[in-house]
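Student: I would like to go through this structure and ask how each label is earned. Please set the values against the cut-offs as we go.

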Amino acid sequence: RAKVTLGQSVCFYEAGMDEKARWRRQIASDLRFAVERNEMHLLYQEQRSVLDQTLTGYEALLRWTHPLHGNIGPDDFIPIAEESGEIVRIGEWVLRTACLEAMHWPSDLKVAVNLSPVQLLKPDLPEVVTQILLDTGLPPRRLELEITETAIITEKVRALHSLRRIKALGVSVAMDDFGTGYSSLDTLHSFPFDKIKIDKSFLLQSETNDQSRAIVKAVLALGRTLSIPVLAEGVETKMQLALLVEEGCNEAQGYLFGRPASAPSLQQGSDTASSRRAKSAAKR
Ligand code: C2E
Ligand code: MG
Ligand code: MG
Ligand code: MG
């Protein structure tokens, strides 16, 4: 009986794996045409200063509407695009689209774009960024690239070389999802990041979990010591914002201020005089 059970479970297990592998292959293949077929679009989420809550910029977040399966989240398809290498082309489209879009915004607002480790390790990334800035006309100081530590840990020398060349263009670099990696302190020490983004998991748990709250405070203290501005992700409640005010956090982003939204409603939602000028300019 054991044999039969074993046989069945092996069989079942393999069918499950097969199914998953087939799904990934299909998604990888569909991703090759997703940009050309206009299935991709960007949403933008506000980033605000904690002290006076003025808008400082927007983070571009990628969305994919699959023709058969509907919306697939970036956490689900980006790993597949990274594995196939397609993220390089998709990422270039994201960068170009975000820079183009940002040209319609008030000129004091930044656009933050997520960069995959795979993109960072392509030797021509600095040239690609330079070309996109030239083509779109976006001033380099208005672009911020968000990177996670994974890229830096696996290929430290190459990653840091690439980041230095990007910073030399005048583009700023933020460390994303801080606190979830393995050698955060070493990485911070090796490269002059312009911003630290505390991972949203710490903020989300900060009301119920003393340790998460302590980590938020510790990262803010670290940022102060190293003179690196800190942005907190995932701010959903006023209580979480109060903690950030009290601890001197520089910027915040989260559902409390706004969910990721499409570009048109974003222009309606803007709240500065220059945004109204930009809006009437965009209509012309
Ligand atoms: P991320 O860069 O850390 O982006 C923040 C994520 O948190 C976004 O999820 C955002 O929608 C979500 N978020 C923002 N505020 C809140 C909040 O108050 N509460 C909660 N619970 N969540 C909040 P999203 O859009 O699903 O993106 C997930 C991840 O996918 C991103 O994490 C980023 O790593 C990756 N990603 C998104 N767009 C791109 C892209 O264009 N290129 C690359 N390489 N990665 C991308
Ligand atoms: Mg990000
Ligand atoms: Mg993040
Ligand atoms: Mg993330």
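Tutor: A donor is an N, O or S atom within 2.8 Å of the metal. The model is a predicted one.

Student: What makes Glu-59, Asn-114, Glu-146 and Asp-176 the protein donors of the magnesium ion (ligand 2)?

Tutor: Their atoms, OE of Glu-59, OD1 of Asn-114, OE of Glu-146 and OD of Asp-176, lie 2.0 to 2.2 Å from the ion. The cut-off is 2.8 Å, so these oxygens count as donors. Along the sequence the donor residues follow the spacing E-x54-N-x31-E-x29-D.

Student: Why is this site said to tie together separate parts of the chain?

Tutor: Glu-59 belongs to strand S2 (residues 55–66) and Asp-176 to strand S6 (residues 172–178), so the pair joins parts 117 residues apart in sequence.

Student: How do you know whether Glu-59 and Asp-176 are buried or exposed?

Tutor: Buried means under 20% relative accessible area. Glu-59 has 4% and therefore counts as buried. Asp-176, at 8%, is buried too.

Student: What makes Asp-176 a bridging residue?

Tutor: Asp-176 coordinates both the magnesium ion (ligand 3) and the magnesium ion (ligand 2), and these ions are 4.0 Å apart.

Student: Which protein donors does the magnesium ion (ligand 3) have?

Tutor: They are OD of Asp-176, OD of Asp-177 and two entries for OE of Glu-233, at 1.9 to 2.7 Å from the ion. With the limit at 2.8 Å, these atoms therefore count as donors. The spacing along the chain is D-D-x55-E. Distant parts of the chain are linked here as well: Asp-177 is in strand S6, while Glu-233 is in the loop between strand S8 (230–232) and helix H11 (238–246), 56 residues away.

Student: Why is Asp-177 called partly exposed, and why is Glu-233 called buried?

Tutor: Partly exposed covers the range between the 20% and 50% limits. Asp-177 has 24% relative accessibility, so the label is partly exposed. Glu-233 has a relative accessible area of 8% and is therefore buried.

Student: How many of the residues are buried in the protein as a whole?

Tutor: Buried residues make up 44% of the 284 residues. The protein has 13 helices and 9 strands. Of the contacts with a separation of 6 or more, 68% come from residues 24 or more positions apart.

Student: Turning to the helices, why are H3 and H5 called roughly parallel?

Tutor: The axes of helix H3 (residues 87–102) and helix H5 (residues 125–136) cross at roughly 30° and come within 9 Å. Angles under 35 degrees count as roughly parallel, and H3 and H5 therefore earn that label. Their crossing is right-handed.

Student: What makes up the contact of H3 with H5?

Tutor: H3 contributes Glu-92, Leu-95, Arg-96, Cys-99 and Leu-100, and H5 contributes Val-128, Val-129, Ile-132, Leu-133, Asp-135 and Thr-136. These residues divide into 7 nonpolar, 1 polar and 3 charged.

Student: How do you know how H5 is oriented to H7?

Tutor: The axes of H5 and helix H7 (residues 156–168) come within 9 Å and cross at roughly 20°. That angle makes the two helices roughly parallel. The crossing of H5 and H7 is right-handed.

Student: Which residues meet between H5 and H7?

Tutor: Leu-125, Pro-126 and Glu-127 of H5 meet Ser-162, Arg-165 and Ile-166 of H7. By class, the contact has 3 nonpolar, 1 polar and 2 charged residues.

How values were computed: Residues numbered from 1 in each chain as written. Chains lettered and ligands numbered in written order. Predicted model: local features only at pLDDT ≥ 70, side-chain atom pairs only at ≥ 80, totals over all residues. Heavy atoms only, no water. Donors = N, O, S within 2.8 Å, 3.2 Å for Na, K, Ca; no water. Helix = DSSP H or I, 4+ residues; strand = E, 2+ residues; numbered from the N terminus. Buried < 20%, exposed > 50% of the residue type's maximum accessible area, 1.4 Å probe, protein only. Axes fitted to C-alpha atoms, helices over the stretch in contact; angles between N-to-C directions. Parallel < 35°, antiparallel > 145°, perpendicular 65-115°, else oblique. Left-handed = near helix turned anticlockwise from the far one by under 90°. Contact = heavy atoms within 4.5 Å. Nonpolar A, V, L, I, M, F, W, Y, C, P; charged D, E, K, R; others polar.
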